[in-house]
Amino acid sequence: MEKTEIKRIHRVEKIYLYLNCLFEFYAGITGATFILFLYSNHLDTMQTNTIVA
């Protein structure tokens with residue numbers, strides 16, 4: 001492989017990892033907020049788990 005092609009592959013890998021980390025961070029915050037919202041509406045653990053599942 002040429003040097004430019006290897007650089008391009010590394011750049012794509014870095015962008016993929018960055019976007020993946022951002023998505024997981026966002027999903028974690030959204031999921032936690034949704035669960036806290038359900039608890040604040042007086043749902044018990046079983047009901048909350050059923051809705052999330």
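**Exercise 1. Count the secondary structure elements, then test the length of helix 1.**

Solution. The protein has 2 helices and 0 strands. The model is a predicted one. Helix 1 covers residues 3-40. Helix 2 covers residues 45-52. Now check the span of helix 1. Its 38 residues, at 1.5 Å a residue, should span 56 Å. The end C-alpha atoms are 56 Å apart, so the expected and modelled spans agree. After helix 1 comes H42, with a positive phi near 65 degrees.

**Exercise 2. Decide whether the overall dimensions fit a compact globule.**

Solution. Start with the reference value. For 53 residues, a compact globule would have a radius of gyration near 10 Å. The protein has 19 Å. Next, take the box along the principal axes. The C-alpha atoms fill roughly 60 × 15 × 10 Å. Then turn to burial. Buried residues account for 4% of the 53 residues. Finish with the surface. The accessible surface is about 5,100 Å². Carbon and sulfur atoms hold 67% of that surface.

**Exercise 3. Classify T48 as buried or exposed, and list its contacts.**

Solution. Locate the residue first. T48 lies in helix 2. Its relative accessible area is 1%. The cut-off for buried is under 20%. T48 is therefore buried. Now look for partners, leaving out residues up to four places away in sequence. T48 touches I35, L38, Y39 and L43.

**Exercise 4. Classify F34 and L22 by accessibility, then place each in space.**

Solution. Take F34 first. F34 is in helix 1. Its relative accessibility is 38%. Partly exposed runs between 20% and 50%, so F34 counts as partly exposed. Beyond its neighbours within four places in sequence, F34 is in contact with I51 and V52. F34 and E13 are 21 residues apart in sequence. Their C-alpha atoms are 31 Å apart.

Now L22. L22 is also found in helix 1. At 42% relative accessibility, L22 is partly exposed. L22 and T50 are 28 residues apart along the chain. Their C-alpha atoms are separated by 27 Å.

**Exercise 5. Tally the charged side chains and state how far apart the two sets are centred.**

Solution. Count each sign. There are 5 positive side chains and 5 negative ones. Then compare the centres. The centres of the two sets lie 16 Å apart.

Methods. Residues are numbered from 1 along each chain as its sequence is written. This is a predicted model: local features need pLDDT of at least 70, side-chain atom pairs count only at pLDDT 80 or more; totals for chains, interfaces and linings use all residues. Side-chain values use heavy atoms; hydrogens and water are left out. Helices (H or I, at least four residues) and strands (E, at least two) are DSSP runs, numbered from the N terminus. Buried means under 20% relative accessible area, exposed over 50%, partly exposed in between (1.4 Å probe, protein chains only). Contact means heavy atoms within 4.5 Å. The radius of gyration is taken over C-alpha atoms; the globule rule is 2.2 Å times the number of residues to the power 0.38. Accessible areas come from the Shrake-Rupley method with a 1.4 Å probe; for residues, only the protein chains shown count as cover. Lys and Arg count as positive and Asp and Glu as negative; His and the chain ends are not counted. The place of a charge is taken as NZ of Lys, CZ of Arg, CG of Asp or CD of Glu. The expected span of a helix is 1.5 Å times one less than its number of residues.
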